[in-house]
Amino acid sequence: MALLELENVTKRFGGLTAVDHVSLELEHGQFVGIVGPNGSGKTTLFNVISGVFFPEEGRILFEGQDITGMPPYKRAPLGIGRTFQIPRPFGSATVRENIAVGAMFGTLGHKTSVDESLEIADAIIARVGLEAHKDKAAGTLTPVEKKLTEIARALAMKPKLLLMDEAMAGMHPSDIDQMVALIKQIAREEQIAVVAMVEHIMRAVVGMAEKVIVLHQGAKLVDAPTKEALEDPRVVEVYLGHPPEE
Amino acid sequence: MKKQITKYYPLIPVYAAYLILFLIGVNVEGMWQLVAMLLFYCALGQAFNIFLGMTGYVDFGYVAFMGVGTYGMALAITRLVGFQGLGLGIIVIGFFLALVMSSLLSVAVGAVALRLRGAYFAIATIGVNEGFRFLIEGAKIWNGTEGMIFTAELNRILGREAASALSTFWADVMVLVIAALAAFVTLFYMRSKIGYALTALREDEDAAKVMGINVTKFKIIAFITSSGFAGLIGATSWALKTPYVFPPEVFEIHYTIEAIIIVLLGGAGTLLGPVIGGLIYGISKYYLSIFMPGFQLLIFAPIIIVIIIMFPEGVVGMLKNRLKGTALGRFII
Amino acid sequence: MFSEQLIGNLIQGLVLGTIYGMATMGLSLIFGVLKVVNVGHGAFIMVGAFVTLFLFNALGLNPILAIPVAFIIGMALGYLFYYTTIKRLIKAPELATLLATFAIGVLLEEVIKLIFGSEFRGYNWAVGKVSLGITVLPLSKLYACAGSIIIAVLLYLWFNKTRAGSAMRSVVEDSEGARVCGVNVSGTYALSFALGIGLTMASGVLLTMFIPVGINPYMGGGYTLKAFVIAVLGGLASPYGAFFGGLVFGLLENGSYTIFALIPGVEPFALTRFFSFVMLLIILLIRPTGLLSRK
């Protein structure tokens, strides 16, 4: 059974169609890159999957269960974790508390106690290398540390699917390599499917993906194994003026 | 087990402050009146903080819950005065009624208004407060505009002396108990999942939702808790201390504003904050009214503006950040 | 008999509604542009009323001429409070601006009390009245009504025909987008706040032309609450919405009063207020963008 299935999902805002009849399928543990310029509907697609918006048309299935009209707080415990384009950690809470929130509410039945959640947070902090910052208020961190906190918070939810919105934007190339390697490693160990969304064809991200989906004006342009997708003439056309990045 | 106890260390400074206040009031001649006022403000801040401080939602109609609690006690006293055998039991029923009525109102208001955010929520709650007041006056519910005066009934139930002791001393002690209870509940929430959920939704409601938090549920929990305490404060500080109730008085928006100022002064969302805020506000109000009668508000207003701009975290908020990680830090949150 | 009385009251309500609308445009403008709810709104109406009172009693100035004076003082006060207070709180949580604007209102009340005392005052501007058959309207009320409509039209023209006006509209739509398109957002914030306060103070003048007695430092509170209901009727963020919200409110207020007065054993005045807050809640729930919005 596929982990995530989208069938003809459409989301409109007034007269604007942000996501246009998108269908896609994702397997357990798969690493997928979604590429599309600003305004191509990537973030809206994520919002529809995580339940911030409900689609006007189409269905969303998660492990075979129809979650199309399910509120976001019920989806997360099923195993859908996400990060935001601009990191949104809970500013006044410490890094440790932020991550503990993920463990506390991100699993089915919310059975993890506060103490257990804090222990899980400590383990993840060690894993991603945030020890030095764990008692700082998340609002005082640097952008890279905020991003890392957000990823750690999502990992604490024990997700089956991790949606990463512009996860690497604005980061130093060496940081990107490190973070991508870390995520890839954790994802493999924990059998997490990752959907990483990038604005440009970023070698670091796309290179790791097994599959690339290119969005253009809300619609799916290409959905193919990475190598094929990158050679597709339509992709080159969309990215004319946006040559592949270093 | 030890760990469970250390978790409640932050209650020590709060309860120490209340104890010192109480001892000063009992032992220093002529201080009880001031102490009673300070206890009222501390209790008010402590109760309001559970909602305002922990969720970040501004309930501009908070006083309505105190008003309804006042009516609960008033109704118990005036309607049950014939059952002399109940004695103090009538007061207990009054507290129960105050709690039930304020909680019911908060469920109704919460179900409606908590769907709104930010300024829309604030305006809706003002609407609830004013609407409720004018419903009582307009439809002449519970004697309408005339209100209820029940000094005679209270005297009949408890006897003149006991009634007088109640309104001049025991009611204030009950306020102290309510304040202490509210502080305990605040810390209990902070240490449980409720507190984590509230912090998350206060900081970023949408992010909290996608983290699996049912934000509506936790907002309502905080709202009902905070409103229930407001009902008890109304039943005590208003109904028992001054045995009358008039709609324009118990729905007066200035009490809500005072509560907001106290929470903000001390530090919204902190445990010790409402105590510090209540003390600073109460003491300055008391002495300003003695030394500069009539000018309190003229002096207060610009000070409030300066504090909002310069110290938005409040006294305890700043202290907490300074002490983070030190030995003292475990006591001050 | 009853229908005549109702129609008479509705006419009065419509005339009063223009002033209600005018007195709410400033609140909506400030919320629309800055997303700040001015809880001290009524205090600025009160200051406008005192400006009129002072100019009339001390200098014998016609209340109509007090309109521009109050408007200019209001603009100045608006800039003053914007740069000293509001500007620093724009990005803070709502609590900060709600409490700060409330404190500004209290400050104004106390300063006016210090100067003029707290007793009720009024002035007597006798300009005659006209009879409409069913009901009689003093000319001063009609002047106030006309003044409200003229100011609303001027504001509309200013919004649609000037650069600053269109900048303001674009900030209402999307402040980030406006910034990207080169609109001076912080300047627009300041101007909007000042203009909002100017309009509100001018409305205080018009209000005294309608009700020349009952001027008192604490008269504003009731108008703040009414303005909230009216602003919500009109969608909170739209000054024209607020103007029409005022008309609707004036009609509903007088209409419901006339009906409640028929019910024995109730206080029709209080029930009218109750009714207005019920409306507020219903609209906030089912149509927070206001009655007139197309969405």
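What percentage of the 295 residues of chain C count as buried? Select chain C to begin: 55% of its residues count as buried. Keep in mind throughout that this is a predicted model.

**Stop 1: chain C as a whole**

Colour chain C by secondary structure, and eleven helices and four strands appear. Turn the chain along its principal axes; its C-alpha atoms fill a box of roughly 60 × 50 × 35 Å. A compact globule with 295 residues would have a radius of gyration near 19 Å, and chain C agrees because its own value is 19 Å. Now consider contacts in chain C with a separation of 6 or more: 78% of these are accounted for by residues 24 or more positions apart.

**Stop 2: where chain B meets chain C**

Show chain B next to chain C. Here 35 residues of chain B are in contact with 37 residues of chain C. On the chain B side, select α6 (118-138), α13 (253-266) and α15 (296-310), each of which supplies at least two residues. The largest share comes from α6(B), with 15 residues. Colour this side of chain B by residue class to find 25 nonpolar, seven polar and three charged residues.

**Stop 3: where chain B meets chain A**

Move to the other contact of chain B on this tour. It takes 20 residues from chain B and 25 residues from chain A. Select α9 (193-203) and α10 (205-210) of chain B; each supplies at least two residues of the side that touches chain A. The helix that gives the most is α9(B), with six residues. By class, this side of chain B divides into eight nonpolar, five polar and seven charged residues.

For a single residue at this place, select A:Val114, which is found in helix α4 (residues 114-128) of chain A. Which residues does A:Val114 contact, leaving aside its neighbours within four places in sequence? They are A:Met104, B:Arg191, B:Ser192 and B:Lys193. A:Val114 counts as partly exposed because it has 18 C-beta neighbours inside 10 Å, and a residue needs 20 or more to be buried. Now draw a distance to A:Glu97, 17 residues apart from A:Val114 along the chain: the two C-alpha atoms are separated by 9.7 Å.

**Stop 4: the four-stranded sheet of chain A**

Hide chains B and C. Select the strands of the open sheet with the order β2-β1-β4-β5 in chain A; the pairing is antiparallel. At the edges stand β2 and β5 (65-66), each with a single partner strand, so one side of each has no neighbour in the sheet.

Start with strand β1 (residues 4-13) and strand β2 (residues 16-26) of chain A, which are joined by seven bridges and run antiparallel. One pair to pick out is A:Leu4 with its bridge partner A:Leu26 in β2(A). The two strands form a hairpin with two residues between them, and A:Gly14 in the turn has a positive phi of about 60°.

On to strand β4 (residues 57-62) of chain A, which also runs antiparallel to β1(A) and is joined to it by five bridges. Select A:Leu6 and its bridge partner in β4(A), A:Ile60. Then select A:Glu7, which stands opposite A:Arg59 in β4(A). In a regular strand the side chains alternate between the two faces of the sheet.

**Stop 5: the six-stranded sheet of chain A**

Next, select the strands of the open sheet with the order β6-β7-β8-β3-β9-β10 in chain A, where the pairing is mixed. Its edge strands are β6 (80-83) and β10 (219-225), each pairing on one side only. Neighbouring strands are turned by 15° against each other on average, direction ignored.

Within this sheet, strand β7 (residues 161-165) and strand β8 (residues 193-198) of chain A run parallel, with five bridges between them. A:Asp165 stands opposite A:Met197 in β8(A).

**Stop 6: helix α1 of chain A**

Finally, select helix α1 (residues 42-50) of chain A. Is this helix mostly covered or uncovered? It is mostly covered, with eight of its nine residues buried, among them A:Leu45, A:Phe46, A:Val48 and A:Ile49.

Show both sheets again. α1(A) lies across β1, β2 and β4 of chain A, running at about 65° to β2(A). α1(A) also lies across β3 (31-35), β6, β7, β8 and β9 (211-216) of chain A, at about 150° to β7(A). End the tour just after the helix, at A:Gly51, which takes a positive phi of about 95°.

Conventions:
Residues are numbered from 1 along each chain as its sequence is written. Chains are lettered from A and ligands numbered from 1 in the order in which they are written. This is a predicted model: local features need pLDDT of at least 70, side-chain atom pairs count only at pLDDT 80 or more; totals for chains, interfaces and linings use all residues. A residue is buried if 20 or more other C-beta atoms lie within 10 Å of its own, exposed if 12 or fewer, and partly exposed in between; C-beta atoms are placed from the backbone. Two strands pair if DSSP finds at least two bridges between them. The radius of gyration is taken over C-alpha atoms; the globule rule is 2.2 Å times the number of residues to the power 0.38. Two residues are in contact if their C-beta atoms, placed from the backbone, lie within 7 Å. Ala, Val, Leu, Ile, Met, Phe, Trp, Tyr, Cys and Pro count as nonpolar, Asp, Glu, Lys and Arg as charged, and the others, Gly among them, as polar. Axes are lines fitted to C-alpha atoms, for helices over the stretch in contact, and angles run from 0 to 180 degrees between N-to-C directions.
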